[in-house]
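Hi,

Here is the structure I said I'd pass on. Have a look at it first, and my notes follow below.

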Amino acid sequence: MENQENLTQQVVSMPRIGDKAPEFKAVTTQGDINFPADYKGNWVILFSHPADFTPVCTSEFMTFASLEKQFNQANCKLVGLSVDGLYSHIAWLRTIKEKIEYKGMKDIEVNFPLIEDITMNVAKKYGMIMPGESSTKAVRAVFVIDPKGIIRTIIYYPLSLGRNFDELYRVVIALQTADEFNVATPADWRPGDEVIVPTAGSCGVAKERMENQDENTHCYDWFFCTKKIDKETVLNTIIKK
Ligand code: BEZ
């Protein structure tokens with residue numbers, strides 16, 4: 001009972017959206033990192049996977065590595081973590097490169113850092129251990145962190161469910177669009193779709209805005225106005241070639 005309570009206490013640290021990303025120093029497949037300080041000025045996806053040499057994780061790593069350039073062009077770096085050791089990480093990534101051909105991906109080199117976290121220090125700090133799912137493996141957590149080191153999105157998946165990478169990329173682009181253009185993004189938004197303009201502060205202002213809509217703005221009601229930002233404008237602002 002006491003052990004269960006200790007374990008629960010160790011894993012209840014759950015960073016929340018809007019919090020500063022918890023700091024840590026760690027050893028990775030690309031050398032030591034000091035997180036999030038080393039990533040100041042970049043967006044980062046910090047993600048955990050349950051274990052090296054497992055199939056869902058392998059499919060995810062190959063997909064992440066194939067998309068790394070695309071994420072980097074959106075000023076977003078990738079950092080992986082599991083509670084395995086460095087030599088396991090190195091052996092697994094070598095196996096992926098040398099042996100695995102999957103869905104047209106082959107000879108895949110993982111160039112982003114993979115953190116070793118045998119002590120589970122980082123996994124516990126970030127609430128990646130969910131004892132109901134596993135007390136010895138991290139779940140598939142995704143933390144999207146902005147250039148100021150603030151957590152902007154958190155997504156969790158269970159052990160058996162591989163992540164949707166279209167969605168992860170969409171999240172990064174949507175968050176940057178919200179920041180750059182001072183807008184929000186509606187359900188299923190993709191670049192080129194209409195965006196939501198901030199709700200006017202008072203009913204009078206909202207009514208005035210509804211009555212004076214410009215050709216670019218459309219109000220469905222006083223609390224729900226959208227405007228167009230074309231795809232090129234969004235992508236030219238965010239994507240660095
Ligand atoms: C996998 O990546 O395939 C996996 C890892 C841990 C538990 C279940 C599946």
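Let me start with a serine. Leaving aside neighbours within four places in sequence, Ser-82 is in contact with His-49, Pro-50, Asp-52, His-89, Leu-114, Ile-115, Glu-116 and Asp-117. Bear in mind that this is a predicted model. Ser-82 sits in strand 4, and its relative accessibility is 0%, so it counts as buried. One of those contacts, Asp-52, also makes a polar contact with Ser-82, side chain to side chain, at 3.5 Å.

Now the aromatics. There are 16 aromatic pairs in the structure. One of them is Phe-61 with Phe-112, a tilted pair with 5.5 Å centre to centre and 35° between the planes. Phe-61 belongs to helix 2 (residues 55-73), while Phe-112 is in the loop between helix 3 (86-99) and strand 5 (114-116), so this pair ties together parts that are 51 residues apart in sequence. Both rings are out of reach of the probe, or nearly so: Phe-61 has 0% relative accessibility and counts as buried, and Phe-112, at 1%, counts as buried too.

Another pair worth opening in your viewer is Tyr-126 with Phe-143. Their ring centres are 5.0 Å apart and the planes stand at 80°; over 60 counts as edge-to-face, so that is what this pair is. It links distant parts of the chain, with Tyr-126 in the loop between helix 4 (121-125) and strand 6 (140-145) and Phe-143 in strand 6, 17 residues apart. Tyr-126 is buried at 0% relative accessibility, and Phe-143 is buried at 0% as well.

Ring pairs also build a cluster, made up of Phe-47, Phe-61, Phe-64, Phe-71, Trp-92, Phe-112, Phe-165 and Tyr-169. Some of these names come back in the core.

The largest nonpolar core has 39 residues, and the members that touch the most others are Ile-45, Phe-61, Phe-64 and Phe-71. Two or more residues each come from strand 3 (43-48), helix 2, strand 4 (76-82), helix 3, strand 6, strand 7 (151-157), helix 5 (165-181) and helix 7 (231-238). Helix 5 gives the largest share, eight residues. Where does this core lie with respect to domain 1 and domain 2? Domain 1 (2-163) and domain 2 (182-238) both give residues to the core, so it lies between them.

Phe-71 is a handy residue to centre on here. Without counting neighbours within four places in sequence, Phe-71 is in contact with Ile-45, Phe-64, Cys-76, Leu-78, Phe-165, Leu-168, Tyr-169 and Val-172. Apart from the largest core there is another one, of 23 residues, which includes Leu-46, Leu-81, Met-120 and Tyr-126. That last name is the tyrosine from the edge-to-face pair with Phe-143.

Last stop, a sheet. Three strands make an open sheet in the order 8-10-9, with antiparallel pairing. Strand 8 (195-196) and strand 9 (217-221) are the edge strands, each pairing on one side only. Strand 9 is joined to strand 10 (residues 224-227) by four bridges, and the two run antiparallel. If you want a landmark there, look at Cys-219, whose bridge partner in strand 10 is Cys-225.

Cheers

Note on methods
Residues numbered from 1 in each chain as written. Predicted model: local features only at pLDDT ≥ 70, side-chain atom pairs only at ≥ 80, totals over all residues. Heavy atoms only, no water. Phe/Tyr/Trp six-rings, centres within 6.5 Å; stacked < 30°, edge-to-face > 60°. Buried < 20%, exposed > 50% of the residue type's maximum accessible area, 1.4 Å probe, protein only. Core = buried A, V, L, I, M, F, W, Y, C linked by side-chain atoms within 4.5 Å. Domains from an automatic or database assignment. Contact = heavy atoms within 4.5 Å. Polar contact = N/O pair within 3.5 Å; in protein donor to acceptor, adjacent residues only side chain to side chain. Pairing = 2+ DSSP bridges.
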